[in-house]
Amino acid sequence: MLSKHNSIQRDQVEMIALDQLVPENHLVRKIEAAIDFSFIYDLVKDTYSEVGRPSIDPVILIKLTFIQYTFGIRSMRQTIEELKTNMAYRWFLGYGFYDKVPHFSTFGKNYERRFKDTNLFEQIFYRILKTAAEKKLISAEHIFIDSTHVKASANKHKFEKKVVRKETRAYQNQLQNEINQDREDHGKKPFPPDKFEKEETKEIKESTTDPESGYYVKDERTKQFAYSFHAASDRNGFVLGTIVTPGNTHDSVILEPLVEQVIEKVGKPEAVAADAAYKTPAITKYLIDHEMTPALPYTRPRTKDGFFRKHEYVYDEHFDCYICPAGEILTYSTTTKEGYREYKSPKQICATCPFLEQCTQSKDHQKAVIRHIWQEYVEEAEHLRHHKDVKPIYAKRKETIERVFADAKEKHGMRWTTLRGLKKLSMQAMLTFAAMNLKKMANWTWKGPEMA
């Protein structure tokens, strides 16, 4: 039977409390029960003056950002529009039916005047993490590290080409000392200091819209200015630390400072899992030297089809040489300033070798194999990859840090940004991951009204 709804109910007048309009299991109730936001007053008190007009409550300012990043609202302007009609958001902020909501520019102005040059958002992130740890939700004996690119608010066609100096790696001094020691051990002269100090340059594309972003090339279709959000998570998916860099910064450069950040704030992990981009001599040496187990994946050989793979040239540690598939010896030649030892075959023998076409295309018929002076650490990581205790750690990676980034992009608006500059992007990263940690903690600790 066809029926029509009586729209006269639009004019119905009732006595009702705002609390009655918020569902009992709404996320804002869970968040409010999970943490007391009054800690923010102590963090910001030094940024406010004792005189002048009364300010908007700083707790409300921060809660506004948590509404935006928790529910994936695209901007503060849109968040304020949602606040006008969403009773759950008003309840979360402590607003009544008729309280006037702040202007969308309020947070931006407070950021510029008060929070821009502080570590407020980092402190908020770690306060939430500390609360989760106190509730026994953090399990940081194994940490999982990766990065994801966030599209910058910049036109990829508007740029200037610049020549810049290549950045020095943190381990550069140690590597240089070991290179010279290795050369001396092989009867070679050490490199003079100016050999290492010579500045190396590279040409980059610098955005004229957002100069602090970096030009990122993934494939022919993906070329854009972006930022890299590097993060470490525990086995439960809680984010333990984050660092933001321009999009053209290689992942491996950030692992050490990110692990150090986790050690300082949370504690030293027993194992660190990461993808193939982090499987470098410097990283494996750092982890093993600091008694952290590297959980790294298999990497495919990059040799051309039809040629011998590198693993078919066997390294003899005792005699410090390589043995080729034909049984000939490749002897030590030199150690380069990049830290690689070169081993070369005898030309006259190789010229008549039946495997020459599978070995080298060199005009002088000489095969050269390079080996990093820290290569034994990579080999140890490769050995550990097969260990029964390490394999499950790496397998957990897809359920932890990869899931974190997937949720951040799909549910929390991290696929692209409207902000510009490293400071603001660092704020976005801290608030996004803080919101995700808070959401997880709130859901896991919620007892519900019937159990409270």
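The following dialogue examines domains, burial and salt bridges in a predicted model.

Student: Into which domains is the chain divided, and which of them has two segments?

Tutor: Domain 1 covers 18-116 and domain 3 covers 310-372. The domain built from two segments, 138-297 and 378-426, is domain 2.

Student: How far apart do the C-alpha centres of domain 1 and domain 3 lie?

Tutor: Domain 1 comprises residues 18-116, and domain 3 comprises residues 310-372. Between their C-alpha centres the distance is 66 Å.

Student: Is Leu425 buried or exposed?

Tutor: Leu425 is placed in helix α17, which spans residues 422-445. Its contacts, leaving out residues up to four places away in sequence, are Tyr227, Phe229, Val244, Thr417, Leu419 and Arg420. Because its relative accessibility is 0%, and the cut-off is under 20%, Leu425 counts as buried.

Student: What is the C-alpha to C-alpha distance between Leu425 and Ile323?

Tutor: In sequence, Leu425 and Ile323 are separated by 102 residues. In space, their C-alpha atoms are separated by 51 Å.

Student: Where do the buried residues of α6 fall when the helix is seen down its axis?

Tutor: The buried residues in α6 are Thr106, Phe107, Asn110, Tyr111 and Phe115. Seen down the axis of α6, they fall within an arc of 130°, so they line one face of the helix. In general, an α-helix has 3.6 residues a turn, so residues three or four places apart point the same way. The buried residues of α6 thus have their place on one face, within an arc of 130°.

Student: Against which helices do the buried residues of α6 pack?

Tutor: The buried set in α6 includes Phe107 and Tyr111. The partners of the buried residues are α2 (39-44), α3 (58-70), α4 (76-85), α7 (120-134) and α17.

Student: Which residues form a nonpolar patch on the surface with Phe97?

Tutor: Phe97 lies in the loop between α5 (87-93) and α6 (106-115). With a relative accessible area of 37%, Phe97 is partly exposed. The patch has about 450 Å² of accessible area together, and the residues that form it with Phe97 are Ile16, Leu21 and Tyr98.

Student: His412 lies in a loop; is it buried or exposed?

Tutor: The loop that holds His412 runs between α16 (401-411) and α17. Beyond neighbours within four places in sequence, His412 is in contact with Tyr69, Thr70, Gly72, Asp407, Thr432, Met436 and Lys439. Its relative accessibility is 4%, so His412 counts as buried.

Student: Which residue meets Glu32 in a salt bridge?

Tutor: Glu32 is partly exposed, at 34% relative accessibility, while its partner is buried, with a relative accessible area of 7%. The N to O distance in this salt bridge is 3.1 Å. The pair links distant parts of the chain, 31 residues apart, from helix α1 (residues 27-34) to helix α3. The partner of Glu32 is Lys63.

Student: Which residues are linked with Arg397 in a network of salt bridges?

Tutor: The side chains of Arg397 and Glu402 meet in a salt bridge of 2.6 Å, N to O. Arg397 is buried, at 6% relative accessible area, whereas Glu402 is partly exposed, at 35%. The residues linked with Arg397 in the network are Asp146, Asp275 and Glu402.

Student: With which residue does Glu399 form a salt bridge?

Tutor: Glu399 counts as partly exposed, at 45% relative accessibility. Its partner is also partly exposed, with a relative accessible area of 23%. The closest N and O atoms are 3.3 Å apart, and the partner is Lys396.

Methods: Residues numbered from 1 in each chain as written. Predicted model: local features only at pLDDT ≥ 70, side-chain atom pairs only at ≥ 80, totals over all residues. Heavy atoms only, no water. Helix = DSSP H or I, 4+ residues; strand = E, 2+ residues; numbered from the N terminus. Buried < 20%, exposed > 50% of the residue type's maximum accessible area, 1.4 Å probe, protein only. Contact = heavy atoms within 4.5 Å. Domains from an automatic or database assignment. Patch = residues over 30% accessible without salt bridge, like charges linked within 9 Å, V, L, I, M, F, W, Y side chains within 5 Å. Areas by Shrake-Rupley, 256 points an atom, 1.4 Å probe, with all protein chains shown as cover. Salt bridge = Lys/Arg side-chain N within 4 Å of Asp/Glu carboxyl O. Arc of directions from axis to C-beta.
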